[in-house]
Amino acid sequence: MIRLQVKIQGRVQGVGFRPFIYRLAHQFNLRGWVKNSAQGVILEVEGDRLVLEAFLAQVQADLPAPAQIETLTIENLPWFGYAEFEIRPSEAG
């Protein structure tokens, strides 16, 4: 089990991207959160490495129609133990 922080930049705000990530995370039975920030969309997600790889591939393959990913960066983080996956409020700014 691993935890990743994923930062996605591009046309990802105001296009239904957070609900898309939320639904996909639930489909893959992952835990963590997603939110908008000044840098784009940020998510932390926990689960099995192979499941996370499939999740990230699906994110890039099935974007909502107006969305477009320019950059996607991934950072490994220590396990946290989230109980669920949630949409967090957007950061100010």
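**Close-up views of a predicted model**

**View 1. The buried residues of helix α1 in the predicted model.** Within helix α1, which spans residues 17-27, the buried residues are F17, F20, I21, L24 and A25. Because these residues cover an arc of only 130° around the axis, they are placed on the same side of α1. An α-helix has 3.6 residues a turn, so residues three or four places apart point the same way. The elements against which the buried residues of α1 pack are β1, β2 (31-37), β3 (40-47), α2, β4 and β5 (85-87). Just after the helix, N29 adopts a positive phi of about 60°.

**View 2. The open sheet and the helix that packs on it.** The sheet is built from 5 strands in the order β4-β1-β3-β2-β5, and its pairing is mixed. At its edges stand β4 and β5, each of which pairs on one side only. From one strand to the next, the twist averages 15°. Helix α1 packs on this sheet and touches β1, β2, β3, β4 and β5, while its direction makes about 170° with that of β5.

**View 3. The pairing of β1 with β4.** Strands β1 and β4 run antiparallel and are joined by 9 bridges. One of the residue pairs to look for here is that of V6 with I74, the latter being the bridge partner of V6 in β4.

**View 4. The surroundings of R3 in strand β1.** R3 belongs to strand β1, which covers residues 2-11, and which side-chain partner makes a polar contact with the side chain of R3? The partner is the side chain of E44, at 2.7 Å. The two side chains also meet in a salt bridge, with the same pair of residues giving an N to O distance of 2.7 Å. Since R3 lies in strand β1 and E44 in strand β3, the pair ties together parts that are 41 residues apart in sequence. Is R3 buried or exposed? With a relative accessibility of 12%, R3 counts as buried, because buried means under 20% relative accessible area. E44 is likewise buried, its relative accessible area being 7%. When neighbours within four places in sequence are left aside, the residues in contact with R3 are E44, V45, E46, E75, N76, L77, P78, W79, F80 and Y82.

**View 5. The salt bridge between E86 and R88.** How many salt bridges does the model contain? The count comes to 2 salt bridges, and one of them joins the side chains of E86 and R88, with an N to O distance of 3.0 Å. E86 is partly exposed, having a relative accessible area of 29%. R88, at 28% relative accessibility, also counts as partly exposed.

**View 6. D62 in the loop between α2 and β4.** The loop that holds D62 lies between helix α2 (49-61) and strand β4 (68-77). At 40% relative accessibility, D62 counts as partly exposed, because that class takes in values between the limit of 20% for buried and that of 50% for exposed. For orientation, the C-alpha atom of D62 is separated by 14 Å from that of F28, a residue that is 34 residues apart from D62 along the chain.

Technical notes. Residues numbered from 1 in each chain as written. Predicted model: local features only at pLDDT ≥ 70, side-chain atom pairs only at ≥ 80, totals over all residues. Heavy atoms only, no water. Helix = DSSP H or I, 4+ residues; strand = E, 2+ residues; numbered from the N terminus. Buried < 20%, exposed > 50% of the residue type's maximum accessible area, 1.4 Å probe, protein only. Polar contact = N/O pair within 3.5 Å; in protein donor to acceptor, adjacent residues only side chain to side chain. Contact = heavy atoms within 4.5 Å. Arc of directions from axis to C-beta. Salt bridge = Lys/Arg side-chain N within 4 Å of Asp/Glu carboxyl O. Pairing = 2+ DSSP bridges. Axes fitted to C-alpha atoms, helices over the stretch in contact; angles between N-to-C directions.
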